[in-house]
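Welcome to this tour! Keep your viewer open and get ready to select residues as we go.

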Amino acid sequence: MKHYILFFIFNILIENFILVQFLGLCPFLGASSKIENAIGMSFATTFVILTSSVLLWCINFFILLPLDLVYLRVIVYMLIISVSVQFLETILRNTSPVLYRLLGIFLPLITTNCAVLAIPLFSLYFNHTFIECILYAISSSFGFTLVMIVFSCIRERILLSDIPVPFQGAPIVLITVSLMSIIFMGFKGLIKI
């Protein structure tokens, strides 16, 4: 049990996909201007990552490996991720039109979010069991959610601050991201798995 708790913390803080591995930066920078957008994008991405990771693990071990079709892995993965995003988009359009409008173009962009594809591929690369695959997807998604929410709170504070003209807009956002990245990289060596 201790192993799984450390595994969970390791993926949230130490190997964070956004601030340490620099994957998923497009939705991170684009959808984090308001806390509502960040929460919506985080939960949408979490849903897609979790469902696609489970489906992809099962398809890989029960279909692709036994039939020796491993070379089709990326194509099958992108197809499943696209279907998951379309399913989520349909659900949000019918159940929460406000969130659907807030997320706008960033919702279909989940399909091309490199973190969504990287998490199942890394899970296979690390030879995770089914339980570890689920925990990896959940913990990586929590790390994504944590960073999105913290950064959106900081961006809302930045908008209210008096910032010198040369640093307004993209420069202060990039400086903030780099400082957050330095903080998260400081967690390296904290937990050895």
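A residue is called buried when its relative accessible area is under 20%, exposed when that value is over 50%, and partly exposed in between. With that in hand, select Y136: its relative accessible area is 3%, so Y136 is buried. Bear in mind on every stop that this is a predicted model.

**Stop 1: a pair of rings**

Keep Y136 on screen and add F7. F7 has a relative accessibility of 7%, so F7 is buried as well. A pair of aromatic rings is described by two things, the distance of the centres and the angle of the planes. The structure holds eleven aromatic pairs. For F7 and Y136, the ring centres are 6.2 Å apart and the planes meet at 40 degrees, so this pair is tilted. Now colour the two helices involved: F7 sits in helix α1 (residues 2-14), while Y136 belongs to helix α7 (residues 130-160). The pair therefore links distant parts of the chain, 129 residues apart.

Which residues do ring pairs link into a cluster? Select F7, F17, F122, Y125, F126 and Y136 together, and you have the cluster in view.

**Stop 2: the cysteines**

Next, select C58 and C133. A disulfide is a covalent bond between the sulfur atoms of two cysteines. How many disulfides does the structure hold? The count is zero. For C58, the closest cysteine sulfur is the one in C133, and at 8.0 Å it is too far away for a bond; a disulfide would need the two sulfur atoms within 2.5 Å. C58 has a relative accessible area of 25%, so C58 is partly exposed. Add C153 too: with 37% relative accessibility, C153 is also partly exposed.

**Stop 3: contacts along helix α3**

Colour helix α3, residues 35-64, and find T46 in it. Is T46 buried or exposed? T46 is buried, because its relative accessibility is 16%. Setting aside residues up to four places away in sequence, T46 touches S141 and T145.

Another residue of helix α3 is I59. With the same kind of sequence neighbours left out, I59 touches L64, V76 and I80. Try a distance label between the C-alpha atoms of I59 and V76: they are 8.7 Å apart, with their positions 17 residues apart along the chain.

Now jump to L99, in helix α5 (residues 97-103). Beyond neighbours within four places in sequence, L99 is in contact with E36, G40 and L92. The C-alpha atoms of L99 and M41 are separated by 9.1 Å, although these residues are 58 residues apart along the chain.

**Stop 4: two loops**

Select D68, in the loop between α3 and α4 (73-95). D68 is not a glycine, yet its phi is positive, near 55 degrees. With 60% relative accessibility, D68 counts as exposed.

Then move to N127, in the loop between α6 (114-125) and α7. N127 has a positive phi too, about 60 degrees, and is not a glycine either. Its relative accessibility is 59%, so N127 is exposed.

**Stop 5: a patch on the surface**

Finally, switch to a surface view and select F22, L25, L29, L174 and M185. Together they make a nonpolar surface patch of about 410 Å². Helices α2 (25-30) and α8 (170-185) each supply at least two of the patch residues. L174, for one, is found in helix α8.

Conventions. Residues are numbered from 1 along each chain as its sequence is written. This is a predicted model: local features need pLDDT of at least 70, side-chain atom pairs count only at pLDDT 80 or more; totals for chains, interfaces and linings use all residues. Side-chain values use heavy atoms; hydrogens and water are left out. Patches are made of residues with over 30% relative accessible area and no salt bridge: like charges are joined within 9 Å, nonpolar side chains (Val, Leu, Ile, Met, Phe, Trp, Tyr) within 5 Å. Accessible areas come from the Shrake-Rupley method with a 1.4 Å probe; for residues, only the protein chains shown count as cover. A salt bridge is a side-chain nitrogen of Lys or Arg within 4 Å of a carboxyl oxygen of Asp or Glu. Helices (H or I, at least four residues) and strands (E, at least two) are DSSP runs, numbered from the N terminus. Rings of Phe, Tyr and Trp (its six-membered ring) pair if their centres lie within 6.5 Å; planes under 30 degrees apart count as stacked, over 60 as edge-to-face and the rest as tilted. Buried means under 20% relative accessible area, exposed over 50%, partly exposed in between (1.4 Å probe, protein chains only). Contact means heavy atoms within 4.5 Å.
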